[in-house]
Amino acid sequence: MTSRSTPPGLARFNTLEEHAARTALHEACASTAWATRLLANRPYATPEDLYAASDAATADLTDPDLDEAMAGHPPIGRPRPGDPTSAREQRGMAGASDALKAEMLELNLAYQEKFGHVFLICATGRTGEQMRDAVRERIGNTPEREREIVRTELGKINRIRLARLVEED
């Protein structure tokens, strides 16, 4: 059974003043174009409406917009100090061995050298080994193929972060 009432967290987001709403969205995704598009479509009746708007905005990001979004993500295995979001999302690396952490550092650097941006993956629920295997696999991609994958991964991350935003009371 579904409810027609807007969840409290989404209702709060819908009524935030623009600056506060933009700040909340920027914490979910560093792309200004993405946040602007989501702000323009407020209010959202359901979380699904917000997620669909996010998916559409992510799909329409230009290459510079995608670069801006990726710049907001720290490398896997090196969450930003004091950033509970990246620490939570990268939890799979927290208990990794020193050898795995060193390997991820090397792979992150090789990936960044090849593609010119951080290795982006939806790390939530993944082990350190799964993230390592993903970067190993993806480093062989063409830049065009990798941008497609990055866009998909960014969409997954944005949905998870938006879900946290609208589920907060």
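Which residues is H117 in contact with, leaving aside its neighbours within four places in sequence? They are M70, Y111, Q112, R147 and V150, where contact means heavy atoms within 4.5 Å.

Before selecting anything, note that this is a predicted model, in which local features need pLDDT of at least 70, side-chain atom pairs count only at pLDDT 80 or more, and totals for chains, interfaces and linings use all residues. Residues are numbered from 1 along each chain as its sequence is written, and side-chain values use heavy atoms, with hydrogens and water left out.

**Stop 1: H117**

Select H117, in the loop between α8 (98–115) and α9 (128–138). Helices are DSSP runs of H or I with at least four residues, numbered from the N terminus. H117 is buried, with a relative accessible area of 8%. Buried means under 20% relative accessible area, exposed over 50%, and partly exposed in between, with a 1.4 Å probe and protein chains only.

**Stop 2: N141**

Move to N141, in the loop between α9 and α10. N141 has 17% relative accessibility and so counts as buried. Not counting residues up to four places away in sequence, N141 touches K114, F115, E146 and I149.

**Stop 3: α2 and α3**

Now show helix α2 (residues 18–28) with helix α3 (residues 32–40); their axes come within 9 Å and cross at roughly 130°. The axes are lines fitted to C-alpha atoms, for helices over the stretch in contact, and angles run from 0 to 180 degrees between N-to-C directions. That makes α2 oblique to α3; angles under 35 degrees count as roughly parallel, over 145 as roughly antiparallel, 65 to 115 as roughly perpendicular, and the rest as oblique.

The crossing of α2 and α3 is right-handed. A crossing is left-handed if the near helix is turned anticlockwise from the far one by less than a right angle, and right-handed if clockwise. To see the contact, select E18, A21, R22, L25 and A28 on α2, then T32, W34, A35, T36, L38 and L39 on α3. These contact residues divide into seven nonpolar, two polar and two charged. Here Ala, Val, Leu, Ile, Met, Phe, Trp, Tyr, Cys and Pro count as nonpolar, Asp, Glu, Lys and Arg as charged, and the others, Gly among them, as polar.

**Stop 4: α2 and α10**

Keep α2 and add helix α10 (residues 143–167): the two pack at an angle of about 140°, with their axes 9 Å apart. That makes α2 oblique to α10, and the crossing is right-handed. On α2 the contact uses A24, L25, E27 and A28, and on α10 it uses N158, R161, L162 and L165. By class, this contact has five nonpolar, one polar and two charged residues.

**Stop 5: I160**

Still in helix α10, select I160. I160 is partly exposed, with a relative accessible area of 25%. Not counting residues up to four places away in sequence, I160 touches C122 and T124. From I160 to L39 the separation is 121 residues in sequence and 18 Å in space, C-alpha to C-alpha.

**Stop 6: the cysteines**

How many disulfides does a search of the whole structure find? The search finds zero, a disulfide being a pair of cysteine sulfur atoms within 2.5 Å. Select C29, for which the nearest cysteine sulfur, that of C122, is 13 Å away; this is too far for a bond. C29 is buried at 1% relative accessibility, and C122 is buried at 9%.

**Stop 7: P43**

Finish at P43, in the loop between α3 and α4 (47–59). The peptide bond from R42 to P43 is cis, with omega near 0°.
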